[in-house]
Amino acid sequence: MQYVPPMAQPVKSARNQQSTAGKTPDGGESASSRRAAAQRLTMRRKLAAAAMDLFAAKGYEATTVDEIAARAGVARRTFFRHFRSKEEAIFPDHDDTLVRAEAVLEVAPAHEHPLDTVCRGIKEVMRMYAADPAVSVARYRLTREVPTLREAEIASVARYERLFTRYLLGHFDETAHRHGNDDPLLAEVAASAVVTAHNHVLRRWLRSEGQGDVETQLDHAFAIVRKTFGTGFGAYRPAAERPAAIATADNEVLVAVARTDAPLADVMRAIERAIQQDSTSS
C-alpha cells in the first residue's frame with residue numbers, strides 16, 4: 001500500500017485536543033498564554049531543583065513532598081498543581097518538550113521523508129538535556145540509583161516513542177495492515193530505532209559527564225537509522241523499483257494508486273489482479 005500525503009492524516013497531538021482558550025483569532029497563542037506557560041515552566045524547574053538538592057542531601061526515600069515544597073518556598077498544593085508525585089519532580093521539562101516535538105511533526109514540509117521529520121522531532125529531547133549538562137548528568141546518576149525514578153524515566157521515553165510511531169503509521173494507508181504490506185511493521189520498528197539511537201547517544205554523552213558535541217553524535221546515529229530503514233518506505237523507493245500501479249479490493253471497495261506516468265495497461269492489470277484476489281479470498 002502506498003504513501004499517504006502528510007496533510008491527509010495530520011498528527012493527533014495532545015495540543016490539538018486541548019481547549020482553544022488563550023488562542024488568538026488566527027489560532028496563534030496570545031501573549032498572556034505564552035507568559036503563563038513560561039511561568040509554569042519556571043516553577044516546575046524551581047521545584048525540580050529543590051527536589052534534586054534534597055535527594056542528593058537526604059536520599060530519595062527520606063525526602064517528602066512537603067520538604068520539596070518548603071525548599072522551593074511554595075505551599076504543598078502548589079507542588080501538586082505541577083507534579084503528581086515526587087518522582088515526577090526531577091523531570092520538569094518532558095511535557096513541554098513533548099509539545100515541541102509534536103509541533104515539529106505538525107508543521108513538517110510535505111516533501112520531507114517522515115523518518116527525517118521524526119529525527120528532527122526527537123532532537124528537541126536531546127536539546128532539553130544538553131541545555132544544562134550538569135543537571136542532566138546529576139539526574140542521570142540519580143535515576144541509576146533509584147529504581148522508581150528509572151521507571152518514571154522509562155515511562156517518559158515511551159511517550160515519545162508512541163508519538164513517533166503514530167506519526168509514521170499515519171503516513172500509510174490503514175488497509176496495508178490487511179494486505180500483507182510490510183510498511184506498517186517498518187514504521188513501528190523505525191520509530192523504535194530512532195528512539196533507541198537517541199537514547200544510546202544520550203547515555204554515552206551523560207556517562208562522559210556531558211562532554212562533546214552531542215548533536216553531531218546524534219546526527220551520525222540517525223544517518224545509520226535512515227540508511228537501514230529509510231529506503232524501506234514504499235513511497236520513497238526509486239521510481240524504477242516501484243510498480244507503476246497498485247490496486248487492492250476489499251469486498252465492494254477498490255483502491256488503486258498509480259504513478260502519473262503509469263501506462264493505462266499497467267493500471268488495468270493492477271485493477272484486474274486486485275479484483276481476482278478479492279474474489280478468491282471471499
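In the predicted model, helix α5 comprises the 17 residues 114-130. The distance from its first C-alpha to its last is 25 Å, close to the 24 Å expected at 1.5 Å a residue. Of these 17 residues, 13 are buried, so α5 is largely enclosed by the rest of the structure.

Helix α5 also contributes to the largest nonpolar core, supplying at least two of its residues. This core contains 38 residues, and the members that touch the most others are F164, L168 and V194. Besides α5, the helices α4 (94-106), α6 (133-145), α7 (147-169), α8 (183-207) and α9 (214-229) each provide at least two residues. The greatest contribution is that of α8, with 12 residues. In soluble globular proteins, nonpolar side chains tend to be buried together.

The contacts of F164 were examined with residues up to four places away in sequence left out. On this basis F164 touches A101, L105, V118, G121, I122, A191 and V195. Residues A101 and L105 fall within the range of α4 (94-106), whereas V118, G121 and I122 fall within that of α5 (residues 114-130). A further core, of 22 residues, lies apart from the largest one and includes A51, F83, A89 and A152.

Outside the helices, E61 is located in the loop that connects α1 (31-58) with α2 (65-72). The relative accessible area of E61 is 64%, and the residue is therefore classed as exposed, the cut-off being over 50%. Although E61 and V146 are separated by 85 residues in sequence, their C-alpha atoms are 8.9 Å apart in space.

How values were computed: Residues are numbered from 1 along each chain as its sequence is written. This is a predicted model: local features need pLDDT of at least 70, side-chain atom pairs count only at pLDDT 80 or more; totals for chains, interfaces and linings use all residues. Side-chain values use heavy atoms; hydrogens and water are left out. Helices (H or I, at least four residues) and strands (E, at least two) are DSSP runs, numbered from the N terminus. The expected span of a helix is 1.5 Å times one less than its number of residues. Buried means under 20% relative accessible area, exposed over 50%, partly exposed in between (1.4 Å probe, protein chains only). A nonpolar core is a set of buried Ala, Val, Leu, Ile, Met, Phe, Trp, Tyr and Cys residues joined through side-chain atoms within 4.5 Å. Contact means heavy atoms within 4.5 Å.
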